[in-house]
Every structure is written in C-alpha cells, then in structure tokens.
Amino acid sequence: MALAPMANVTDAAFRRTIAKYGKPDVFWTEFVSADGLDSPGRERLLVDLKYSEEERPVVAQIFSADPLKIEKASALVNELGFDGVDINMGCPDKAVNKQGAGAALSKDLELAKEIVRAAKRGAGDLPVSVKIRLGYDQNQIEEWIPALLEVRPAVIIVHGRTRKEMSKVPARWDEIARCVEARDEWSEANNIESEERTLIFGNGDVEDLADAKEKAQKHNVDGVMLGRAIFGNPWLFDPKVDRDDVPRHERLQVMLEHAELFNKLLGEEKPFHIMRKHFGAYVSGFPNASGLRERLMNTESIDDAREVISEEIKSFSEHGVSTRQTDKIFV
C-alpha cells in the first residue's frame, strides 16, 4: 500500500504527518524535474527531495525526456539516501508533455526504454520503478507493458486512464488487471521466475484502505497506490482508524500540526497558501463548517492559521471538551 506522488500535496510536511498517524508501506515524493536538478535552479528544487527517516522506505520520483539528465538525477537520488527511484511517465500536464516527458513517453517506447536504462545506470543498487497511464490518446498496454518489461523495472505503477481521459472517466481496473496478465505472459515467455518478475501496482479511484485491499485481491495486483483519498486524512493507511470517527478537535489539532511542520520545513521555499487545499480537506464533513472554511481560506501565514485554528479548538472548552492536549501545540 503506497502513497501516490502529488505535486504541491505530498510534500515533506504532509508525508511526515502521515508517517505519524497512518504510515503506508512505502512513500513517494512529489515529482521533480531531472532537467531542473541539472541546472542553476537545482537548489530551489532540492526542497522537493527533503525527507525524514520516519518515512522510510521512500522513493524519489523524477521526470525528463533526456536520458542523460535522468541518469544524473538518479545518481543524486542515490547520493541523497533514498530507497528507490521512480520515473514519471504518466503526468498529463501540457507543459511536461510538451517536453516529451510524462505521459508523452508512451508515444516513444524506444526513448522510454532508454530512460529506464539510464535511471538504472545512475541509481546503482536502488530499485527503479515507472509510473504510467494506459496510454496517451488510447489504450496502449499491449505494446506499452512488454516494452517496459524488456528493461526490467522493479515496479510498474499503472494509472487506469489514458492521458486524454485525464480524470474525467472512472479508472479502468479491468485494464490494470490486463497489465498483470501481460506481465505474466511476457515473463513466462522469457523464462523469468516469479520472484524476479516486475511488480504491478494499480492506481486510480481508490476510496480507502479497505477498497485498496479489495481491488488488489480482485485484480491480482502486487500493490495499490492511493492518491486523492489522502486529502485531509493522514489516518488513511491506519486500518484501525476511520477519519470520520476522529473527534473534531483532534482533527483540528492534526491540521495545525501539519501547518506548523509546513512552516518549519518549507516556509522559506514555498508559499503558505499551498496549505489552504489541505485546510479545506481537513474540515470537510464538519457540521456548519462554511464559516471556518472561509476563515482558513483567507489565511496568509502560519500566524493567521494558528489564530483561526486555536480559536476553533478553544471553543470546544465551552462545551466541556478538554484543550489540554492542544496547549503544547500553541507554545
């Protein structure tokens, strides 16, 4: 059970919060431009490769259409002590695709294979994985999967939509299951033992941990990557906790803790307004939350957030809810 990489969402602060309250089996970082890491702007991008020991195992995701840049970035990932390298070949963003990277690589299978080879050269002993979609304008898995298997990545993570479909249609888990079959057929034809086969993870429209386990069993995948379900729910990967059962004041405490970490770890490099999307997700489902949500959406700094959240939490004391556990947060 893995955490999906999401730009301006799964940053170091959020991952550390998740590690504390509901750790997945493996973390992925936000994606980072390999071209940028080999440019004068490198220092600014290194913030996206911050991680803590609590997150292990943690995989760094990179992207580029240039094998040499991928090789250099993979060597850097190894040097930084990550547990794996992942190549993003599924991003649908127009700017990324215009570079020939992300989902555009499904249109150039030879280049895609060379990029995996380059990552392996740079990564040394680290496992190299690839995150893909079913194809670009149409389903290409009958060609896409065998081509990637030729260069033997450790894992192929399949998002069950094409680039053209974006997120406008339901993820097609039957096609993800077909990727598993294609892996098995290719492996048998090439005498690859079961323990040496590339793993296939599925991704797309996974609601929660129970849904992930059900999809894994039904579609025979080796793993499941959860993405949007993590919004406002750092307890997602804890099978003993249902977010809806977490008391409101505790959810607010964790939200503030998350915001404090963002300010501490990333405040000098990233604008605080990134936290607003998290604030909206944390209070989703609260009764009469519109006023609180509006105040949170207007925060510009950690001081603003502290004021809004502390006022909300302390209001519980008027209804007999102890704020003892929150006192140390405000120190």
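Buried means under 20% relative accessible area with a 1.4 Å probe, counting protein chains only. This is a predicted model, where local features need pLDDT of at least 70, side-chain atom pairs count only at pLDDT 80 or more, and totals for chains, interfaces and linings use all residues. Residues are numbered from 1 along each chain as its sequence is written, and side-chain values use heavy atoms, leaving out hydrogens and water.

**View 1. Here are the buried residues of helix 6 (helices are DSSP runs of H or I, at least four residues, and strands are E runs of at least two, numbered from the N terminus).** They are Ala112, Lys113, Ile115, Val116, Ala118, Ala119, Gly122 and Ala123. Their cover includes helix 4, strand 4 (84-89), strand 5 (128-133) and helix 7 (141-150). Just past the end of helix 6, Gly124 has a positive phi of about 65 degrees.

**View 2. Helix 4 (residues 67-79) crosses helix 6 (residues 109-123) at roughly 30 degrees, and their axes come within 7 Å.** Axes are lines fitted to C-alpha atoms over the stretch in contact, with angles running from 0 to 180 degrees between N-to-C directions. In contact terms (heavy atoms within 4.5 Å), Ile70 and Ser74 are among the helix 4 residues that meet helix 6, whose side of the meeting includes Leu111 and Ala118.

**View 3. Now for the largest nonpolar core, which has 93 residues.** Such a core is a set of buried Ala, Val, Leu, Ile, Met, Phe, Trp, Tyr and Cys residues joined through side-chain atoms within 4.5 Å. Met89, Ile132, Phe279 and Ile309 touch the most other members. Helix 10 (residues 248-266) gives the largest share, nine residues.

Definitions and conventions:
Buried < 20%, exposed > 50% of the residue type's maximum accessible area, 1.4 Å probe, protein only.
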